[in-house]
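I sat down with this model and a cup of coffee to look up a few things. My notes follow in the order I made them.

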Amino acid sequence: MLRIRLLIQKSWLALILWLLLRLAPIPAAAGETPRYFFYYDPDSPQINLASLKEAMDDLLAGSQQDILFQPFAHFPDFDRNVTARQPAFLLLPPWYLDLRGAFLDLKPLLRPLREGKSAYDKLLLARQEQDNKKRIPAPRSLATTLMGPRSSVRAKTWLLFDALNLDLDRLNIVFVPKGTDALFALTLGQVDLALVAATTYDFLAQRTPSLVKGVKILKRSKPVPLPILCYAETKVSKEEAKRFAALFLQRRASGPYRRLMEMLHFDGWEKAH
Amino acid sequence: MGRLFAIGFLALLLVCLSLSPTPAFAGPQPLPGRPRIAALLSDDVLAYHRVLEQFQAVINLPVATFNLDGKIDRAPEVMQKVMAAKPACILALGAKAAVVAKTWTQDSGQPPVLFALVLNWRRYGLDQAPNIAGIEAEVAHATQLANVKMLLPGIKRVGVIYNEEQSGALMAEARKAAALLGLELVEATIDRPEEFASAFRTMADKVDAFWMMSDPVAYTLQNIAWLKDRCIRYRMVCIGQSANIARAGLLVAVDVDLVAVGAQAADLARAIVLHGKTPQEIGIMPPLSTRIIVNLRTARAIDLALEPKALDLATLVLDR
């Protein structure tokens, strides 16, 4: 009986210690492990993540905070690393904030702007049939970037597009890490439909018109919010978050900031609250 | 007193559990009673494991893994275990796994088989079995050309050397894509690898770029080594289809994104197992996601000024 009581007492102590460790915020003293700043945006036309990291590292170098920027191209890698490393700052699609924000204690900090708006459109695209007399078969496949958990894509597509004359349940949906993959798959006849950000379509239409010339826009979506800059409340004080936000709000006309904004296809920021 | 201790301990344990990461957060967790997938690997190859890792991260169904360890004579022993697991679908990675899975399922037509990372899949008749769907191992020629056109929009005439018997059918598809993209293919056919150099010299002054397609006759180590120097001597944009060929010195390569192949396979497997698609409805798809690799050292050597916007479109820029 005595041994059981001792065992319970020891377990109490171990549990309390574990609880305290878990609740204590990680100090950000110099010389300790850097805090992570993760980025994931499947709808960005920026493919070269190494040069994005270079530009962001240049910007962060002026912050006097030990922050390590890590961009991700693939959702499973991003999600796994968020779980394992619990970053202090994130620039991520709002649907991910809905999915994991509560668990990570994420607080929105800034919203980026593109052409003065904090949202963008997505386009549902099909191939332009050259032979108008040809009977067009019902579409069987759709290529898209992620818009949330894979299981929610049909529902999300319905919500994005009003009066969509399409049987989504019959479609074979293939997710791709970048919008250009979806667009090329459509142009080249590998899928019947593509769902891409209007930014990607416009960028390619301007850069290489032949890549989009055989494609037609079936429908333009309701506005989709741009990625959002967040911080983890358990890891970052309000003061630190404010200093971090100031880095992005300074609107420098040249240098790493300008290059970074070009890569992200953003032209400004606004406070998220 | 002891009871109070125990009750307090349980209460604290519950608090701690509620603060722990939930299983849903830690990644997709298979639920009991859900369809099972068997992953059959040809061997212990890094590429197979990378694809499998992403497949497992995305599929959200239980996956049991089996490995032939490169030995086709292990097939009866391994396949008995695979079939005993009653999988709703077999993911076969590599040629050996695909052929074994095809052989063991062809009589019953069950379960459906999805293959990936099989070079020259036509050679194994994988498109002849109604229960088999798959993802090709290489980026489609059309997709390579589209990516190159996006990176270097100024290119108009592209030279290509191939063996008619080996690649004639694929060239028809490439010609169609080239026309769509506003490219003109300048073609030469060869019967032996040794004819490559003279064919290249004949077309060198008529093209803006040269595309080294993976034709078994033209694509030899000797020809690659020879081509690398000629691309620089002729100041020519040379295009290949693997990161290694860009590392060897060609300006640009359009390679398959292995991580995305794992996710694409998972999406197709879900379509079969959960949404009732048949393998025939899916067919054999090309890998849809690509990586563009640019060798910046070669760009400088051929005096090609790549604007930052072009480099922003590359997945990887080699500068050493």
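**Entry 1: the cavities**

I started with the lining of the largest cavity, where H10(B) gives the largest share, 4 residues. A reminder to myself before going on: this is a predicted model.

How many cavities of 30 Å³ or more does the structure hold? I found 2. The largest cavity has about 140 Å³ of space. I then looked at who sits around its centre: of the 17 lining residues, the closest are Phe75(A), Arg150(A), Val176(A), Pro177(A) and Ala263(B). Both chains turn up in that list. By element, two or more lining residues come from each of helix H3 (75-85) of chain A, and H2 and helix H10 (258-273) of chain B. I sorted the lining of the largest cavity by type and got 13 nonpolar, 3 polar and 1 charged.

Next I checked the second largest cavity, with about 30 Å³ of space. Its lining is Ser44(A), Pro45(A), Ile47(A), Lys178(A), Gly179(A), Thr180(A) and Thr200(A). Here the split is 2 nonpolar, 4 polar and 1 charged.

**Entry 2: chain A overall, then three strands**

I pulled the totals for chain A. It has 9 helices and 13 strands, and of its 273 residues 53% count as buried. I also looked at how far along the sequence its contacts reach: among contacts with a separation of 6 or more, 78% are between residues 24 or more positions apart. Chain A exposes about 13400 Å², with 55% of that supplied by carbon and sulfur atoms.

Then I zoomed in on strand E7 (residues 141-144) of chain A, which 4 bridges join to E8(A), the two running parallel. On the other pairing I noted, E7(A) is parallel to strand E9 (residues 193-197) of chain A, over 3 bridges.

Which residues stand opposite each other? Going along E7(A), I wrote down Leu142(A) opposite Leu193(A) in E9(A), Ala143(A) opposite Val174(A) in E8(A), and Thr144(A) with Phe175(A) as its bridge partner in E8(A).

Are the side chains of E7(A) buried or exposed? Ser141(A) and Ala143(A) are on one side, Leu142(A) and Thr144(A) on the other, and all are buried, which leaves both faces covered. I looked at strand E8 (residues 172-175) of chain A for the same thing: Asn172(A) and Val174(A) point one way, Ile173(A) and Phe175(A) the other, and again all are buried. That fits the textbook pattern, in which side chains of a regular strand alternate between the two faces of the sheet.

**Entry 3: backbone oddities in chain B**

I went hunting for unusual backbone geometry, given that most residues other than glycine have a negative phi and most peptide bonds are trans.

Where is the cis bond? I found it running from Gln110(B) to Pro111(B), with omega near -10 degrees. Pro111(B) is in the loop between helix H4 (95-105) and strand E4 (113-118) of chain B.

Two entries for positive phi went on my list. Asn60(B) is not a glycine, yet its phi is about 60 degrees. I placed Asn60(B) in the loop between helix H2 (46-59) and strand E2 (63-67) of chain B. Asn60(B) counts as partly exposed because its relative accessibility is 25%. Arg235(B), also not a glycine, has a positive phi of about 50 degrees. Arg235(B) is in the loop between helix H8 (221-233) and strand E9 (237-240) of chain B. At 47% relative accessibility, Arg235(B) is partly exposed too.

**Entry 4: two more residues in chain B**

I picked Ser242(B), in the loop between E9 and helix H9 (243-248) of chain B. Why does Ser242(B) count as buried? Its relative accessibility is 18%, so it falls in the buried class, whose cut-off is under 20%. Leaving out residues up to four places away in sequence, Ser242(B) touches Tyr219(B), Ala253(B) and Asp255(B).

Last, I looked at Leu316(B) in strand E13 (residues 316-318) of chain B. Leu316(B) has 27% relative accessibility and therefore counts as partly exposed. What does Leu316(B) touch? Beyond residues up to four places away in sequence, I listed Arg247(B), Ile292(B), Ile293(B) and Val294(B). I checked the C-alpha distance from Leu316(B) to Ile292(B): 6.5 Å in space, with their positions 24 residues apart in sequence.

Terms used. Residues are numbered from 1 along each chain as its sequence is written. Chains are lettered from A and ligands numbered from 1 in the order in which they are written. This is a predicted model: local features need pLDDT of at least 70, side-chain atom pairs count only at pLDDT 80 or more; totals for chains, interfaces and linings use all residues. Side-chain values use heavy atoms; hydrogens and water are left out. Buried means under 20% relative accessible area, exposed over 50%, partly exposed in between (1.4 Å probe, protein chains only). On a 1 Å grid over the protein atoms alone, a cavity is a set of points where a 1.4 Å probe fits but cannot get out, and a pocket is an open set with protein on both sides within 12 Å along at least five of seven lines; lining residues have an atom within 4 Å of a point. Grid points are joined across faces, edges and corners, and a volume is the space filled by probe spheres set on the points. Ala, Val, Leu, Ile, Met, Phe, Trp, Tyr, Cys and Pro count as nonpolar, Asp, Glu, Lys and Arg as charged, and the others, Gly among them, as polar. Contact means heavy atoms within 4.5 Å. Accessible areas come from the Shrake-Rupley method with a 1.4 Å probe; for residues, only the protein chains shown count as cover. Two strands pair if DSSP finds at least two bridges between them.
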